[in-house]
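User: Got a new model for us to go through. Can you bring it up?
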Amino acid sequence: MEIKIKSLDNIREAAKAFLDGMGTGKVFAFYGKMGAGKTTFIKAICEELGVTDVITSPTFALVNEYTAADGSPIYHFDFYRIKKLDEVYDMGYEDYFYGGSLCFLEWPELIEEILPEDVTKVTITEEADGSRKVVW
Ligand SMILES: Nc1ncnc2c1ncn2[C@@H]1O[C@H](COP(=O)(O)OP(=O)(O)OP(=O)(O)O)[C@@H](O)[C@H]1O
């Protein structure tokens with residue numbers, strides 16, 4: 001599927017469209033260059049799910065946990081700074097990836113070998129006009 005986000009003014013609408021078309025998967029790997037808009041789009045999706053926690057890229061903690069409006073947890077990962085896969089083993093990644101809760105991953109290419117088989121891969125690209133294309 002594909003969504004175009006014209007500007008930040010349209011991001012909540014885009015997040016809603018994504019949620020409507022995201023399917024039954026739980027683990028979503030967001031690919032895209034630095035500045036493509038991964039954090040911004042994940043934030044919009046979480047807000048659309050009723051998260052009221054502060055949503056920022058979990059660069060230092062590796063994972064942030066939020067609570068959706070229905071009380072379910074959402075896990076937001078950023079693997080940009082990992083140096084060894086051991087760091088991901090040590091955090092008990094399997095409990096997250098196979099736990100049945102929503103997981104949103106930034107920089108999944110750094111842990112490609114341990115992504116679950118049923119991961120949904122989402123690619124965000126910045127277009128020449130500054131809009132973003134989201135494909136999954
Ligand atoms: N859909 C959009 N339309 C316009 N601007 C956007 C959009 N999405 C993100 N931006 C802007 O682009 C910049 C980078 O966004 P963001 O931090 O979400 O990127 P990122 O892919 O998470 O980058 P990084 O990998 O460095 O964390 C921010 O200033 C943000 O406001």
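User: Which helix gives the largest share of the shell around the ligand?
Analyst: Helix α2, residues 38-48, with 3 residues. Helices here are DSSP runs (H or I, at least four residues), numbered from the N terminus. This is a predicted model: local features need pLDDT of at least 70, side-chain atom pairs count only at pLDDT 80 or more, and totals for chains, interfaces and linings use all residues. Residues are numbered from 1 along each chain as its sequence is written, and side-chain values use heavy atoms, with hydrogens and water left out.

User: How many residues surround the ligand, and which are the closest?
Analyst: 14 surround the ligand, and the closest are Gly35, Gly37, Lys38, Thr39 and Thr40. Surrounding means a heavy atom within 4 Å.

User: Which side chain atom sits 2.5 Å from a ligand oxygen?
Analyst: A polar one of threonine 40. Tryptophan 107 has a side-chain N or O atom 3.1 Å from a ligand oxygen. From alanine 36, a backbone N or O atom lies 3.3 Å from one. The cut-off for a polar contact is a pair of N or O atoms within 3.5 Å.

User: How much of the ligand does the protein bury?
Analyst: 69% of the 640 Å² that the ligand exposes alone. Those areas are Shrake-Rupley, 1.4 Å probe.

User: Switching topic. What lines the largest pocket?
Analyst: The lining includes Met34, Ser57, Asp78, Tyr80 and Glu106. Again α2 gives the largest share, 3 residues. A pocket is an open set of points on a 1 Å grid over the protein atoms alone, where a 1.4 Å probe fits, with protein on both sides within 12 Å along at least five of seven lines; lining residues have an atom within 4 Å of a point.

Conventions:
A polar contact is a pair of N or O atoms within 3.5 Å; within protein, one must be able to donate a hydrogen and the other to accept it, and residues adjacent in sequence count only if both atoms are side-chain atoms. Helices (H or I, at least four residues) and strands (E, at least two) are DSSP runs, numbered from the N terminus.
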